[in-house]
Structures are given as C-alpha cells and as structure tokens.
Amino acid sequence: MIRFDILTLFPEMFASVLGESILKRAVQAGLIEVRLFDFRDWAEGRHRQVDDVPYGGGDGMVLKPEPLFAAIRAVRAEGPESPVTLLTPQGRRLDQALVQELAARPRLILVCGRYAGVDERVRRHLVDEELSIGDYVLSGGELPALVVIEAVARLLPGVLGNQDSAAADSFPRRLEAPQYTRPLEFEGHAVPEVLVSGHHEAIRRWRKKESLRRTLERRPDLLEKYPPEGEEAALLEELAGEPGRG
Ligand code: 4GX
C-alpha cells in the first residue's frame, strides 16, 4: 500500500482519472490511497489569496510561501516520514528507474504548482526533490502528479492482476513487435502470414526481428545502450542486408 498525498489548487482534476479502470480498482482494493489537499484551505485573509505578483516585476503570478508551508507541514505531520516532491520542468526527469524508486516508498507527497511557479523559499526550504515528466510545458503539476500515480501504482503487487510483474517493472530494451487481431483482412490489408501459420518458432523469430527493426528505426539509442548478441546480432545482420531501408 502506498499513500499519495497531493497538494493542489485543483483537486477535482483527479477524480476522473482515479475513478476509472486500473486505478479505480487499485483504490477500491486498498492497494493505493490518494488523499487530495487544496492548499487554498491554508490561505489566510478574506480572499484566501495563494498567489501574488513577482518581486522585481515580470509575467505571471507566483505561489506565495505561507499557504504552501502551512499545508505541507500539516500534511507531512500526518503520516510516515516522506520526502516532499515538487512537479516542475526543472526537476529530475521521470523514467522507469525513478518510478521503481518511488514505488518502494510508503508514501509520496506531491506538490502541484501553477502559474509561473512557486516562491523560491518553498523549493529551498520545504521541497526535498523536484521531478519532471518531460521537456514540455504544462499549466500545472496536476497532470504530472497523475502520471506519477499511474506509473507507480501499476508496479505494486496486485494492481495489474495476472501480469508478469518483471515485465511490468522494467522499461523494455526493445520496442514492441507489431500486433494484430481479427479480422484476418481489413480493407484489403492482410495480417502477416507467419502469424497464422501455427509455426511457433517462426513466429517467435519474426517477432524478434520486427522488434529489432522497429528499435533500429525509432530508438537506435537503445541498441547502443544494450548491444545485440547471438540471435539478435544475426537478425540485425539480416535487416542490414534487406533492400529499401534508408
Ligand atoms: N513536468 N509544469 C508545474 C508550474 C510550476 C513551475 C515551477 C512549480 C515550479 C511539468 C513538467 C510542467 C508547468 C508543472 C509549470 N510549478 N511539471 N508548473 N513538464 O511543465 O512536471
């Protein structure tokens, strides 16, 4: 069981994702718990203001330190010791290795920023780590937090049902081979014959080769990082000898 404590100004953004499919079942089965905290609840004053203009001028609003400090302290006090994670494009890039690290924790405290960002004192004195889901700009940390929840949850025993957990754990070193299902012919396009041949060894080899082909075309970096050996090396030779590839 992992507990996710989410601090956000938009707690309603989480309901639809958490209310469907795998995550819904994980919550119902008690495999994960997601608690949502609207840090505006910790804002003082008649207007419950959470943001303000930046000192020194500039575009956009900055999240004030007081509500975030109060909210994070209150939430942190409620459970097992846990690092506080801020979702930001400036953080450590999320990959499957980091997802595995996060999945080993009893609790994740995820802070979702908005606007131009948060007062630097929040980062320096309250946040323990910053995490990015990739090099593109979103409007807030809520979708990144949901990405973290989903990626972590599916690693927990019992969440995926009867799937090979080792396969679910690690990012594959090769891209997937093409897959087909019925009908055998769709708008004139047939399924590769080998897949309906019943020759298990031929199918296995075809899949391995197509998986290599796709990796070579789209993710040659994976072949550098995990060099092919044995049968794979031989299949790669075959691919190199095929005509018509750039
Ligand atoms: N991977 N964003 C956060 C506001 C913000 C800026 C600075 C705190 C500090 C993003 C991403 C992402 C946009 C979420 C800016 N909050 N987060 N937000 N990519 O683009 O994680």
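Which residue in strand 6 does Leu-7 stand opposite? Leu-7 faces Val-111 there. The close-ups below come from a predicted model.

**View 1. Strand 6, tucked inside.** Let's start with residues 107-112, which make up strand 6. Here 6 of the 6 residues are buried, so the strand is largely enclosed by the rest of the structure. Arg-107, Ile-109 and Val-111 point one way, while Leu-108, Leu-110 and Cys-112 point the other way. That fits a simple rule of thumb: in a regular strand, side chains alternate between the two faces of the sheet.

**View 2. The neighbours of strand 6.** Strand 1 (residues 2-8) runs parallel to strand 6, and 5 bridges join the two. Strand 5 (residues 84-93) is also parallel to strand 6, joined to it by 4 bridges. Look for Val-111 in this view: Leu-7 stands opposite it, and it is the bridge partner of Leu-86 too.

**View 3. From strand to helix to strand.** Follow the chain through strand 5, helix 4 (residues 96-103) and strand 6, and you trace a right-handed β-α-β unit.

**View 4. A nonpolar patch on the surface.** Now for the outside. Phe-10, Met-13, Tyr-115, Tyr-136, Leu-138 and Leu-143 form a nonpolar patch, and together they have about 540 Å² of accessible area. To find Tyr-136, go to the loop between strand 7 (129-132) and helix 6 (142-153). Why does Tyr-136 count as partly exposed? Its relative accessibility is 42%, and partly exposed covers what lies between buried (under 20%) and exposed (over 50%).

Key: Residues are numbered from 1 along each chain as its sequence is written. This is a predicted model: local features need pLDDT of at least 70, side-chain atom pairs count only at pLDDT 80 or more; totals for chains, interfaces and linings use all residues. Side-chain values use heavy atoms; hydrogens and water are left out. Buried means under 20% relative accessible area, exposed over 50%, partly exposed in between (1.4 Å probe, protein chains only). Two strands pair if DSSP finds at least two bridges between them. A crossover is right-handed if, with the strands pointing away from the viewer, the path from the first strand over the helix to the second runs clockwise. Patches are made of residues with over 30% relative accessible area and no salt bridge: like charges are joined within 9 Å, nonpolar side chains (Val, Leu, Ile, Met, Phe, Trp, Tyr) within 5 Å. Accessible areas come from the Shrake-Rupley method with a 1.4 Å probe; for residues, only the protein chains shown count as cover. A salt bridge is a side-chain nitrogen of Lys or Arg within 4 Å of a carboxyl oxygen of Asp or Glu.
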